[in-house]
Amino acid sequence: RMAAAPPSYCFVAFPPCSKDGLVVFGKNSARPRDEVQEVVYFAAAAHDPGSKVECTYIEIEQVPKTHAVVLSRPSWLWGAEMGANEHGVCVANEAVVTREPASESEALLGMDLVRLGLERGATAKEALDVIVALLEEHGQGGNYYEDGSSCHTFQSAFLIVDRNEAWILETSGKYWAAEKITEGVKCICNQLSLTTKIDAEHPELRNYVRSQGWWNGDSDFNFSEVFSLADDHLACCSGRESLEKQGGDVSAQAMIDVLRDKDSGVCVDSESFLTTASIVSVLPQDPSFPCVHYFTGTPDPSRSIFKPFIFVDDVKLVPKVQSPSFGNDDPAKKIPRFQEKPDRRHELYKAHEWARSLLENDQDKGQKLMRIMLDLEKQGLEAMEDILTRTEVLDPAEVVDLFYDCVDTELKFFK
């Protein structure tokens, strides 16, 4: 039996379930407990013809132009667990196990495909097309964890969202199927969820599963039933009920509350896995308003705060949530890989470790600190709500330091 996939959760809510013409996206990234996640921004860029891009394990052709992206990523790899681009596209990845063993040979990771979709797609559908074309060309495979002692491999599922629609894309090797969503609440977690409603698929998908003897061609084609391991196909989403209970009022705050919920299992804190970072994005359906993306940049959303980021030109970089760079000396880049584990903690991560020990050892002080932090978060949420409800156009100068200032203020509280 293959190792279980880490139990991450991703959500999207569309009107009428979400507030006032907003699409709300969220994800908790469940990863190995000691892994550090950083938040990084890459500006839009033009690239010379014939240039290549070095992904986590393999090099592929670069495209002439890449969009600006903000990513939350395990700091040893090139791709991302989740992120957004300047066009209001958000992508999150889930590791899944299917009846086909995932490849150990180094190819694109699901997390590389998150970043590639964001850099190359200006809509959710474009990002989906990018991901499946790269899957066809390069395949997926390689170690999902920074672990020199064993190779952990998975297939990938993606939630791809923009201001108008979302796509759930599920893959096994190079084969895939996708469903389009335009209303209601949807959740994906670490198992296949597509059934018979399939809006796009690999052209050879049905021939392939027939040839494998997994489907006889007579019954309805049910993607999860065909590709899941026999005992795996369960309804996954405890978080969805909490969002549906909001009854037309899913907001950034409601999504944050769901991501913080340990009782439901959405906020993972187990022996092997922890929610190492979280994201919430608010995408107004009216394109004259900016999208707002909230990142924690630290583990356990119930002890972290969500800080807003808005795409503008010359947005200020935030080194305090970026891990140190080891360049070509990085053990993740040398073959054999991962022979040692460097200290990848960034400044905010270290400050949080201190705060965590305070919470554990001095309840009163810890609670007080947490109240101050949540108050800071609330101010950020209210300021963003103001931006999303006012009539005048946003002045970029107002938000160029937004994420930087929030991280800075958070660090000051810890000091």
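The expected span of a helix is 1.5 Å times one less than its number of residues. Keep that in mind as we walk through this predicted model.

**Stop one: helix α2.** Select residues 124–138, a helix of 15 residues. From first C-alpha to last, α2 reaches 21 Å, close to the 21 Å expected at 1.5 Å a residue. Now show its side chains: the buried ones belong to Ala124, Ala127, Leu128, Val130, Ile131, Val132, Leu134 and Leu135. What do these buried residues pack against? Colour α1 (110–120) and the strands β6 (59–61), β11 (155–161), β12 (166–172) and β13 (175–181), and you have their partners. Before leaving, click on Gly139, just after α2, where phi is positive at about 75°.

**Stop two: Val209.** Move along to helix α3 (residues 205–211), where you will find Val209. Is Val209 buried or exposed? Its relative accessible area is 0%, so Val209 counts as buried. Leaving aside residues up to four places away in sequence, Val209 touches Trp214, Trp215, Phe221, Val226 and Phe227. Try a distance label too: the C-alpha atoms of Val209 and Phe223 lie 9.9 Å apart, with the two residues 14 apart along the chain.

**Stop three: helix α8.** Finish by selecting residues 363–389. The 27 residues of α8 should span 39 Å at 1.5 Å a residue, and the end C-alpha atoms are 38 Å apart, which agrees. Buried residues here include Gly366, Leu369, Met370, Met373, Glu377 and Gly380, and further along Met384, Ile387 and Leu388. To see what covers the buried residues of α8, display, among others, α6 (252–259), β16 (273–284), β17 (292–295), β18 (307–309), α7 (347–361) and α9 (402–414).

Note on methods:
Residues numbered from 1 in each chain as written. Predicted model: local features only at pLDDT ≥ 70, side-chain atom pairs only at ≥ 80, totals over all residues. Heavy atoms only, no water. Helix = DSSP H or I, 4+ residues; strand = E, 2+ residues; numbered from the N terminus. Buried < 20%, exposed > 50% of the residue type's maximum accessible area, 1.4 Å probe, protein only. Contact = heavy atoms within 4.5 Å.
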